[in-house]
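Student: I'm new to this one and don't know where to start. Please pick a single part, take me through it closely, and then show me what lies around it.

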Number of protein chains: 2
Amino acid sequence: MRWRDGFIAVDWGTTNRRAYRIGASGAVEDRMEDGKGILSVPAGCFPAAVEEIRRRLGDRPLLMAGMVGSNRGWEEAPYVPCPAGLPELCAQLKWVEPERVAIVPGVCFSQGEAADVMRGEEVQLLGAYADGAIPANATVCHPGTHNKWVRIEDGRIVSFRTVMTGEMFSLLAKHSILSDMLSGAEVAPGPAFDAGVQAGLTGGPLTGELFSVRARVLLGKARREDAASYTSGLLIGTDVRSGVAAAGDGPVYVMGRPDLTRLFAAALAAAGREAKELEGDEAFLCGARHLAELVQ
Amino acid sequence: MRWRDGFIAVDWGTTNRRAYRIGASGAVEDRMEDGKGILSVPAGCFPAAVEEIRRRLGDRPLLMAGMVGSNRGWEEAPYVPCPAGLPELCAQLKWVEPERVAIVPGVCFSQGEAADVMRGEEVQLLGAYADGAIPANATVCHPGTHNKWVRIEDGRIVSFRTVMTGEMFSLLAKHSILSDMLSGAEVAPGPAFDAGVQAGLTGGPLTGELFSVRARVLLGKARREDAASYTSGLLIGTDVRSGVAAAGDGPVYVMGRPDLTRLFAAALAAAGREAKELEGDEAFLCGARHLAELVQ
């Protein structure tokens, strides 16, 4: 069986995994998704966890990306340094089983004091470029647990910076003094989110702004039910403020889950920047298809 | 029994409590400390928890400050608005038992969009002023779970701002992707702390700086054992950066636990500001004594 006859692409993250059977034509023939992220797979049990995917989607070659290639995953696929394009990723694929099972490496950036790493986003970013959805020179914002601001030049990732926006909201909602005001409430675009964005774009440091979210509710100056959207706006506004300060001209391509990209697009608009939203899953499939072609 | 014959001062916080028997001369005759913070006292059980203090320290009038006066404590003592001095606090004491048991109210600040609250720090702040340890017009930095930057004018608290520095470090050490690098390691002054302070004083937003702590270790550009001190410096430097930007001229009085005040004093020095450290427990006793005199 050859890769051109079809393969299975797996986006295997920390807390869940998504797998797609891609046919010879490039079309998605079948898919699965479950909560079996790498942290739920005991050491030594990855072969069995992969067999489960093959039982569901068929006995095809496997191309896997994401945290499955980290030191907590199946086998570590060392980071490819910037500048990194699809050819560089393909040359550094980690073959767990010769010609049958490959893990895509992550990408690292190192310059002076700056240091950063990504795993999983690179397939989406370079897939969108290979598919023509973003130009050869572009600024991309990729929200998620760890938002990435990425500079792409000549179709390669040349630099990037991670901002802990998603994880910070989760920490605050689950474990902080704000948790009773943040957990359970839905984050939605609207006046409270917009007010938070403005505070993030123009205000002081986050640690100073956050406590006042609680104090304003206690003193009757803000509504408790607005706290989650306001805080999300505050975090995203802070993120966008530094992101656009470092970004070049032109639109910012915002790639990821639609519920997140629309929030970042709203904050970018408030910052006076044009945003173009792209669906992350679709970009992942593009990247996987192009990598499979390069494998031939 | 009258207050001038002595009383018990209690600093009753969320997770622990400290009580002091203060004699007619003002000297501390006995003291106790335990982990019975307000969150560990079931509703309706505060009288019993207070009896425990009296059994240990004697049957004296009680003056209590801190979260015991919050809506999660024994009885809510409403916030006194700024400007607030010891006379204003005394006038708004919440008498749980007439002439025998009083809770000191917290202080609130509200101006335009700004809103803030404190509970417990006010006794230390105004006690230090009443005792002559800080002048009538001063900027005070009070580190703790929630650091407070306080402006005192004519011996009254006129404005303040809370920064979630201590709680943020705790959240990151316990629950974040940085936890394996932060928990267990000791935070100490030194080159790693100083480097974090510089990043906080001059760098981008915290959420952007934090992830690079991990990435630099992964890429071999920083030592894992330095991560806790660096991150503490980063948080404190960020805090001091906004604090001194809003502070008036003159020294900054840093009041609290000595292990924290020395870290903030080091960061203030790096920011080119003179810092004077004051012991928080001592200031609490001063404030309690002066309030007891006003009660007469």
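**A sheet in chain B**

Tutor: Let's start with one pair of residues: B:Val252 sits opposite B:Ala275, which belongs to strand E14 of chain B. Keep in mind that this is a predicted model. The pair is a handy way into two strands, since E13(B), residues 252-256, runs alongside E14(B) in the parallel sense, with five bridges between them. As background, strands of a sheet pair through backbone hydrogen bonds, either parallel or antiparallel.

Now zoom out a little. These two strands are part of an open sheet of five strands in chain B, and going across you meet them in the order E12-E11-E10-E13-E14, with mixed pairing. So what happens at the edges? Strand E12 (156-163) and strand E14 (275-279) of chain B stand there, and because each has a single partner strand, one side of each has no neighbour in the sheet. The sheet isn't flat-on-flat either: ignoring direction, neighbouring strands are turned by 25 degrees against each other on average.

Next, the helices that pack on this sheet. Helix H8 of chain B (residues 227-246) touches strand E11 (147-153) and E12 of chain B, and its direction makes about 15 degrees with that of E11(B). Helix H9 of chain B (residues 258-270) packs on the sheet too, touching strand E10 (138-142), E11, E13 and E14 of chain B. The direction of H9(B) makes about 175 degrees with that of E14(B).

Stay with H8(B) for a moment, because there's a residue in it worth finding: B:Gly233. It counts as buried because its relative accessible area is 0%, and buried means under 20%. What does B:Gly233 touch, leaving aside residues up to four places away in sequence? The answer is B:Phe193, B:Gly196 and B:Val197. Take B:Val197: along the sequence it is 36 residues from B:Gly233, yet the two C-alpha atoms are 4.3 Å apart in space.

Finally, look beyond chain B. Its contact with chain A takes 40 residues from chain B and 39 residues from chain A. Together the two chains bury about 3,400 Å², with 69% of that on carbon and sulfur atoms. On the chain A side, A:Met164, A:Thr207 and A:Phe211 supply 19% of the area that chain A buries against chain B, more than any other three residues. There are two salt bridges between the chains. If you'd like to find a salt bridge yourself, look for the side chains of A:Arg161 and B:Glu209, which meet at 3.5 Å, N to O.

Technical notes: Residues are numbered from 1 along each chain as its sequence is written. Chains are lettered from A and ligands numbered from 1 in the order in which they are written. This is a predicted model: local features need pLDDT of at least 70, side-chain atom pairs count only at pLDDT 80 or more; totals for chains, interfaces and linings use all residues. Side-chain values use heavy atoms; hydrogens and water are left out. Two strands pair if DSSP finds at least two bridges between them. Helices (H or I, at least four residues) and strands (E, at least two) are DSSP runs, numbered from the N terminus. Axes are lines fitted to C-alpha atoms, for helices over the stretch in contact, and angles run from 0 to 180 degrees between N-to-C directions. Contact means heavy atoms within 4.5 Å. Buried means under 20% relative accessible area, exposed over 50%, partly exposed in between (1.4 Å probe, protein chains only). Buried area is the accessible area (1.4 Å probe) that two parts lose on being put together, summed over both. A salt bridge is a side-chain nitrogen of Lys or Arg within 4 Å of a carboxyl oxygen of Asp or Glu.
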